[in-house]
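Biologist: Could you choose a single part of this model and look at it closely, residue by residue, before setting it against the rest of the chain? Please give the cut-offs behind each term as you go.

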Amino acid sequence: MTTDGRVLASERLSLRWFEEDDAELMLQIWNSPGFRRFVGDRGIRNLEAARQSLSRGILNQYARCGFGPYRVALRDGTPIGIAGLFVRDELDGVPDLGYALLPNWTGEGYAFEAATAVLDDADDRLGLPLLYAIVSPDNSASIRLLEKVGMRYEKQIDMDGVDTALYSRKRPASGAE
């Protein structure tokens, strides 16, 4: 369910734009074993560095693009991860779907639920004709999720010297078209 784009909701989750106070969550995500293995080590080890990176990255993207990643929380407010659209120079301005959950919250369908909410917003509110997702070829769980939400494998690409799988999804045609 979409509101003004700053807040999304699903059956079990509440998603909202990040704020500076969410630096602790991002510090935990950036240093979680799964993130470091499949996405990379950002080298962010303290709260101040997390605040600076959040401000330069996610918060800056909201100002530039009007969309971005969301803080993902259970309906009771417990923060569990991140999901949303990222804009990377290497992808020629086509937004890509990204997500990461804290280790205690994986395997419960939360990433699928959050990704679906983000994609619904990309279709309904943003009207984006094409979306990408990038994933480590070794991340079989993430690949299964991408395929489950309608992403299709395109090709292998080089992202900063790392072999990466590129997936894509075209906006579904509406009934009116």
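Modeller: W30 is buried, with a relative accessible area of 8%, where buried means under 20% relative accessible area, exposed over 50% and partly exposed in between, with a 1.4 Å probe and protein chains only. This is a predicted model, in which local features need pLDDT of at least 70 and side-chain atom pairs count only at pLDDT 80 or more, while totals for chains, interfaces and linings use all residues. Residues are numbered from 1 along each chain as its sequence is written, and side-chain values use heavy atoms, with hydrogens and water left out.

W30 belongs to helix α1, helices being DSSP runs of H or I with at least four residues and strands DSSP runs of E with at least two, numbered from the N terminus. Leaving out residues up to four places away in sequence, W30 touches F35, R36, R42, I44, A50, S53 and L54, a contact being a pair of heavy atoms within 4.5 Å. G40 is 10 residues from W30 along the chain, and their C-alpha atoms are separated by 8.4 Å.

Two of the residues that W30 touches deserve a look of their own, namely I44 and S53. I44 sits in the loop between α2 and α3 and, like W30, has a relative accessible area of 8%, so it counts as buried. With the residues up to four places away again set aside, I44 touches L27, W30, N31, A49, A50 and S53. By contrast with these contacts, the C-alpha atoms of I44 and V94, which are 50 residues apart along the chain, are separated by 26 Å. S53 lies in helix α3 and is buried as well, at a relative accessible area of 17%; beyond its neighbours within four places in sequence, S53 is in contact with W30, I44 and I58.

The surroundings of W30 can now be widened to its whole helix. Helix α1 covers residues 23-30, and six of these eight residues are buried, so the helix is largely enclosed by the rest of the structure. The buried ones are A23, L25, M26, L27, I29 and W30, and they pack against α2 (33-38), α3 (47-65), β3 (69-74), β4 and β5.

How does this part fit into the whole? The protein has five helices and eight strands, which follow one another from the N terminus as β-β-α-α-α-β-β-β-α-β-α-β-β. The radius of gyration is 15 Å, close to the 16 Å that the globule rule gives for 177 residues, so the protein is as compact as a globular protein of that length; here the radius is taken over C-alpha atoms, and the rule is 2.2 Å times the number of residues to the power 0.38. Along its principal axes the C-alpha trace spans about 50 × 35 × 35 Å. Buried residues make up 46% of the 177, and of the contacts with a separation of 6 or more, 57% join residues 24 or more positions apart.

In soluble globular proteins, nonpolar side chains tend to be buried together. A nonpolar core is a set of buried Ala, Val, Leu, Ile, Met, Phe, Trp, Tyr and Cys residues joined through side-chain atoms within 4.5 Å, and the largest one here has 51 residues, with L15, F18, L97 and M151 making the most contacts inside it. Helix α4 (residues 110-126) gives the most to this core, with eight residues. Apart from this core lies another, of six residues, including L91, I157, M159 and L166. M151, for its part, touches L97, L119, L131, Y132, A133, L146, Y167, S168 and R169, not counting residues up to four places away in sequence.

Two loop residues make a contrast with the buried helix. Most residues other than glycine have a negative phi, and most peptide bonds are trans. D92, in the loop between β4 (79-86) and β5 (96-101), has a positive phi of about 55° although it is not a glycine, and D92 is exposed at 72% relative accessible area. D160, in the loop between β7 (152-159) and β8 (162-170), likewise has a positive phi of about 55° without being a glycine, and D160 counts as exposed at 68% relative accessibility.
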